[in-house]
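This briefing introduces a structure by topic for a reader who is new to the subject. Please keep the sequence and the structure in view while reading.

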Protein chains: 2
Amino acid sequence: MADDNKTPSDTISKIKALRKQELSADALAQGIFDGNKAMLAKAITLLESTKPAHFEKANAVIEKCLAKSNKSIRIGITGVPGVGKSSFIETLGKTLTDQGNKVAVLAVDPTSSLSKGSILGDKTRMETLAKDPNAFIRPSPSGTSLGGVAQKTRESIILCEAAGYNVILVETVGVGQSEIAVHSMVDFFLLLKLSGAGDELQGIKRGIMEMADAIAINKADGSNLEHAKLAVTEFSRALHLYPPKANGWMPKVMKCSAMENTGIDEIWAMVQQFVKHNKDNGFFEKNRQQQNKNWFLQTVDEYIKQFFHQKETFKKEQATLLTAIEEHKISPFYAAKILLDKITKEL
Amino acid sequence: MADDNKTPSDTISKIKALRKQELSADALAQGIFDGNKAMLAKAITLLESTKPAHFEKANAVIEKCLAKSNKSIRIGITGVPGVGKSSFIETLGKTLTDQGNKVAVLAVDPTSSLSKGSILGDKTRMETLAKDPNAFIRPSPSGTSLGGVAQKTRESIILCEAAGYNVILVETVGVGQSEIAVHSMVDFFLLLKLSGAGDELQGIKRGIMEMADAIAINKADGSNLEHAKLAVTEFSRALHLYPPKANGWMPKVMKCSAMENTGIDEIWAMVQQFVKHNKDNGFFEKNRQQQNKNWFLQTVDEYIKQFFHQKETFKKEQATLLTAIEEHKISPFYAAKILLDKITKEL
């Protein structure tokens, strides 16, 4: 699939010459391997495109990047608005780049196409990190469905990793299905909370607690500190009520203050401890393989559905049958059988 | 579709003659219309069958019954084991048959194929109701998936209604997805709870509270009575936190004792008030139409998936691609595209 006859320097001069023109998949991939942020951004824009012509090229870039994408740690970060996700990510990100890491920050926010980017839309919210040469920040892709947004973020991770980013932070909002999508693309899932407010007030669903590999009580500073200590005890107790995870990891509860930069080092040390734990017992790689397989199987079913639903006969027959169902002339299940029979006979 | 040349008496004599043989769809439908419990049970067994030959005949019976199935009230009843579902249903059912109603009790329990019927499996749990000529009790169908179990229950409702049962009670266990399935097939959804125990201890998920049209605090008797009164206040307050329902109904919280037969009449009066409320504003019929359409659309997608997944090429190619994904040779999304292209070219 790759065109390997060019040397990197050939490709680079070609990039320079054709800066204003559309770049080839080879040129984009080479730019990514060179750690060129502009090229990385261009490639992500390409894969986010809905134009069919861009689809093949984006896939060619992704295929080239795949082999280089497996040396990172992918961390999902969730929490309701107001919990301080942006400042947490800014402080954590800066700590990590100071230690020589390259940090990419992505986001999954299915509402962003409506609200024009409620998270990460405004890079100024992470002012210091945005200027850091070893950090790359990309707002949530827009999309009509969570599935679409999640797929594009999933593919962006591959490209960021090929560009040398070894810590990938995926931010999401703590209000629903998007957590499940993010959980299915990361190695480690961190839930940010505040002390004092109950689960209901924080809008956190039980399922999200169950997914967390760690809970960090943020804003543990000033007069909040004592409450935060109590919250750590409470949540530790609550987490013990859940059945143990298959990988043997016992979720941790810690406190931190992104504002005062306390507790952040400890959280990073804990993440590294988790990575070691999971690599030692083989769950790290196993989990990534399983995630990839799940994405494949889900996408296949999604494509299959689309294949049928866009057929004219399908749409027409479906409308007729829906009317018959409304008028109680046919059972929903038999109608489904009739529709499928008609369509498959036509194929 | 129907063979309408026979008179009922012809059909009945035919039934008698062919008792040991397989009955025709016409004969079964006529038996159901006559209110014959044995025929109703036979027809439900037929639709629960997985034999392809039975599929067409079961659908023919359902089509015949559809026109007669729209004069009932369908009530979903959930609550964790120990909350007293069986005795509640027995007391409510007896109250209803005493008032001249015909009551069918069905169940959705996806675990029943493993546990050989954890709910309703043993009719002796509803001894009085089981002997009542105006009651029909049917345990949960067995099935490999919740979807399958739910579909069969959904179809059984149609047959019961055609047999003249005007109150359909659908029991389910309060532990997960089965509530969503039952909620999508009933007009009214009742959650049974106990006083004293917290939500976590009762294993009730938040989503189930949101689905409830009413909560009944059961076992409100003896020393529990005071706790039950408190629980009514608490849950009423909790329900006010949820956004109002589209139909304008404000969920009610009541107390009852199935053992002492207190509060049951009040609950039935409230259900009737709900039915009047929803029929007056058109939501009753609208909800049933929407439920039917949803069942149709879900079933279509399920059939579409099955159509592809059972093809030999599909299975073979899928296995090959899964291996390539494990070895990081191809991205999950591109692999899905390749698989679909191969299969659709072959059709």
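By what turn and what shift along the axis can chain A be laid on chain B? A turn of 180° and a shift of 0.1 Å along the axis lay chain A on chain B with an RMSD of 0.1 Å. That is the relation of a two-fold axis. The model is a predicted one, and the points below treat the two chains, their meeting surface and several of their helices.

**The two copies**

- Leu347(A) is the residue of chain A that comes closest to the rotation axis, with its C-alpha at 3.0 Å.
- Because 96% of the interface residues of chain A are also interface residues in chain B, the copies meet through the same surface.

**Chain A as a whole**

- The secondary structure of chain A comprises 16 helices and 7 strands.
- Chain A has 347 residues, of which 52% are buried.
- Of the contacts in chain A between residues at least 6 apart in sequence, 73% join residues at least 24 apart.

**Helix 2 of chain A**

- Helix 2 of chain A covers residues 25-33, and 8 of its 9 residues are buried, so this helix is largely enclosed by the rest of the structure.
- The buried residues of helix 2 of chain A are Ala25(A), Asp26(A), Ala27(A), Leu28(A), Ala29(A), Gln30(A), Gly31(A) and Ile32(A).
- Gly35(A), just after helix 2 of chain A, takes a positive phi of about 80°.

**Lys337(A) and its contacts**

- Lys337(A) lies in helix 16 of chain A, which spans residues 332-346.
- Is Lys337(A) buried or exposed, or something in between? Its relative accessibility is 23%, and Lys337(A) therefore counts as partly exposed.
- Leaving aside residues up to four places away in sequence, Lys337(A) touches Phe55(B), Glu56(B) and Tyr303(B).

**Helices 8 and 14**

- Two packed helices are described by the angle between their axes and the distance between the axes.
- In chain A, the axes of helix 8 (residues 146-162) and helix 14 (residues 283-309) come within 12 Å and cross at roughly 140°. That makes helix 8 of chain A oblique to helix 14 of chain A.
- The crossing of helix 8 of chain A and helix 14 of chain A is left-handed.
- On the side of helix 8 of chain A, the contact involves Ala150(A), Gln151(A), Arg154(A) and Glu161(A), which meet Arg288(A), Asn292(A), Trp295(A), Thr299(A) and Tyr303(A) of helix 14 of chain A. By class, the residues of this contact are 3 nonpolar, 3 polar and 3 charged.
- In chain B, helix 8 (residues 146-162) and helix 14 (residues 283-309) pack at an angle of about 140°, and their axes are 12 Å apart. Helix 8 of chain B is thereby oblique to helix 14 of chain B.
- The crossing of helix 8 of chain B and helix 14 of chain B is left-handed.

**Helices 5 and 13 of chain B**

- Helix 5 (residues 85-98) of chain B packs against helix 13 (residues 264-280) of chain B at an angle of about 70°, with the axes 10 Å apart. Helix 5 of chain B and helix 13 of chain B are therefore roughly perpendicular to each other.
- Helix 5 of chain B contributes Phe88(B), Thr91(B), Leu92(B), Thr95(B) and Leu96(B) to the contact, and helix 13 of chain B contributes Ile264(B), Asp265(B), Ile267(B) and Trp268(B). These residues divide into 6 nonpolar, 2 polar and 1 charged.

Definitions and conventions. Residues numbered from 1 in each chain as written. Chains lettered and ligands numbered in written order. Predicted model: local features only at pLDDT ≥ 70, side-chain atom pairs only at ≥ 80, totals over all residues. Heavy atoms only, no water. Axes fitted to C-alpha atoms, helices over the stretch in contact; angles between N-to-C directions. Helix = DSSP H or I, 4+ residues; strand = E, 2+ residues; numbered from the N terminus. Parallel < 35°, antiparallel > 145°, perpendicular 65-115°, else oblique. Left-handed = near helix turned anticlockwise from the far one by under 90°. Least-squares fit on C-alpha atoms with pLDDT ≥ 70 in both. Contact = heavy atoms within 4.5 Å. Buried < 20%, exposed > 50% of the residue type's maximum accessible area, 1.4 Å probe, protein only. Nonpolar A, V, L, I, M, F, W, Y, C, P; charged D, E, K, R; others polar.
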